[in-house]
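These are my notebook entries on a structure that I had not looked at before. I set down what I looked up, one topic at a time.

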Amino acid sequence: MPKIALSAGHHSLTGGNRTEIELVGPITKALAKHCRDQGFDVRVVTPEDGMGIFRGGLRQVAQTVVDWAHEGWNADVFLEVHAEDNGRGDAGRGCFTIFPDAGSDTDAIVRDTLGPMISHALRNATDIPLRGTGVLSERKTHVFQDLHARLGVFEVTSKLRVHCRRMIVEVGAYSSPKDLRIMQQENFADQAGQAICGALSEFFGQPEPDLRWYRVLVEVARTREGPGTQFRDALQGEARLHRDDVFAVDEVVIGELISGNPQWAHRADQLGFVSMTLLEEDA
Ligand SMILES: [Zn+2]
């Protein structure tokens, strides 16, 4: 059964806005309950299934999920529940899911599949509209654009990126009077929790698409030196891949398979240029 790690945004000593803290606790608790009813293996970092306050900062909340992995409990999902203040009143309504996309730490599965599923489920179950497409890049957040920092929950958990789908779900904007009125309705927390859980169930209920084994050669240049890049290191490894899956040979090299395309994606990241070559496919 999938392992689901949850936390209620700002239910830590880092604090946050009181309205948001009051909104996200009951949603997290309802989400945990619905997920357990589905048979998921659920742990909530923030005490009392999200109603209590974690005795540490937001980075320590995320570190707890990393510690669980070291102890052998590898979360398949780490989802933190938030509500947003964008200061735009009813012009800034809506729910969306934030996915990591800083350099090599990009989650294309949350970006393209699970994130939209969650946002659409929230929109369909409540009167909160979608914000934009329903997903937001970490790079487009205020923290990244204005403060030039990664979101702590993503940075701290980046080691889990291959196995764990990490996301922040903004259930609505409390800076919008319309969204706030909806989110303060008595049944909202349960509706939202059930909706997010439904999307997770659907995601994990999907049959494994096209699982195949590939052997890959990965060449890594630590520095990029213009045309005719010089490769300083060559690594080789094996990985089990789905279509569209995120691929990693080790902690350093990560890339994406372009679905339906025999070529490997080439991409630059903070560590250097990654070139991957498909050598063979085992039947
Ligand atoms: Zn928040």
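How many residues does H7 have, and how far does H7 reach from its first C-alpha to its last? I looked this up in what is a predicted model, and I found that H7 has 18 residues and reaches 25 Å, which is close to the 26 Å expected at 1.5 Å a residue.

**Entry: the whole protein**

I then stepped back to the protein as a whole, whose secondary structure comes to seven helices and 14 strands. Of its 283 residues, 41% are buried. I also looked up how far along the chain the contacts reach, and among those between residues at least 6 apart in sequence, 68% join residues at least 24 apart.

**Entry: what surrounds H7**

Returning to H7, I listed its buried residues, which are Phe-188, Ala-189, Ala-192, Gly-193, Ala-195, Ile-196, Cys-197, Ala-199 and Leu-200. The elements that these buried residues pack against are E1, H1, strand E3 (77–84), H3, strand E8 (165–173) and helix H6 (177–183). I followed two of these partners further, H1 and H3.

**Entry: H1 against H7**

Helix H1 (residues 18–37) packs on helix H7 (residues 188–205) with the axes 8 Å apart and at an angle of about 45 degrees. The two helices are therefore oblique to each other, and H1 passes H7 in a right-handed crossing. On the H1 side I noted Pro-26, Ile-27, Ala-30, Leu-31, Lys-33, His-34 and Cys-35 as the residues that make the contact, while H7 brings Ala-189, Asp-190, Ala-192, Gly-193, Gln-194, Ile-196, Cys-197 and Leu-200. Sorted by class, this contact has ten nonpolar, three polar and two charged residues.

**Entry: H3 against H7**

For H3 and H7 I found an angle of about 145 degrees, with the axes 8 Å apart, and a right-handed crossing. H3 makes this contact through Thr-113, Leu-114, Met-117, Ile-118, Ala-121, Leu-122 and Ala-125, and H7 through Gln-191, Ala-192, Gln-194, Ala-195, Ile-196, Gly-198, Ala-199, Glu-202 and Phe-203. By class I recorded eleven nonpolar residues, four polar and one charged in the contact of H3 with H7.

I picked out Met-117, which lies in helix H3 (residues 108–125), and asked myself whether Met-117 is buried or exposed. Met-117 counts as buried because it has 20 C-beta neighbours inside 10 Å, and 20 is the number at which a residue becomes buried. Not counting residues up to four places away in sequence, Met-117 touches Ala-199, Glu-202 and Phe-203. I also looked up Leu-200, which is 83 residues from Met-117 along the chain, and found their C-alpha atoms separated by 8.2 Å.

**Entry: H2 and its surroundings**

Helix H2 (residues 58–70) has 13 residues and reaches 19 Å from its first C-alpha to its last, close to the 18 Å expected at 1.5 Å a residue. Its buried residues are Leu-58, Val-61, Ala-62, Thr-64 and Val-65, and what covers them includes E1, E3 and H5. After H2 comes Gly-72, with a positive phi near 105 degrees.

**Entry: Glu-80 in E3**

In strand E3 I stopped at Glu-80, a charged residue by class, which nevertheless counts as buried because it has 29 C-beta neighbours inside 10 Å. Leaving aside neighbours within four places in sequence, Glu-80 is in contact with Ser-7, Gly-9, Val-153 and Ile-168. Ser-7 is 73 residues from Glu-80 in sequence, yet their C-alpha atoms are 4.8 Å apart in space.

**Entry: two histidines with a positive phi**

Most residues other than glycine have a negative phi, so I looked up two exceptions. His-10 has a positive phi of about 70 degrees, and His-148 has one of about 55 degrees. Where does each of them lie, and is each buried or exposed? His-10 is found in the loop between strand E1 (3–8) and H1, and it is buried, with 24 other C-beta atoms within 10 Å. His-148 lies in the loop between helix H4 (142–147) and helix H5 (152–156), and it is exposed, with 7 other C-beta atoms within 10 Å.

Notes: Residues numbered from 1 in each chain as written. Predicted model: local features only at pLDDT ≥ 70, side-chain atom pairs only at ≥ 80, totals over all residues. Helix = DSSP H or I, 4+ residues; strand = E, 2+ residues; numbered from the N terminus. Buried ≥ 20, exposed ≤ 12 C-beta atoms within 10 Å, placed from the backbone. Contact = placed C-beta atoms within 7 Å. Axes fitted to C-alpha atoms, helices over the stretch in contact; angles between N-to-C directions. Parallel < 35°, antiparallel > 145°, perpendicular 65-115°, else oblique. Left-handed = near helix turned anticlockwise from the far one by under 90°. Expected span 1.5 Å × (residues − 1).
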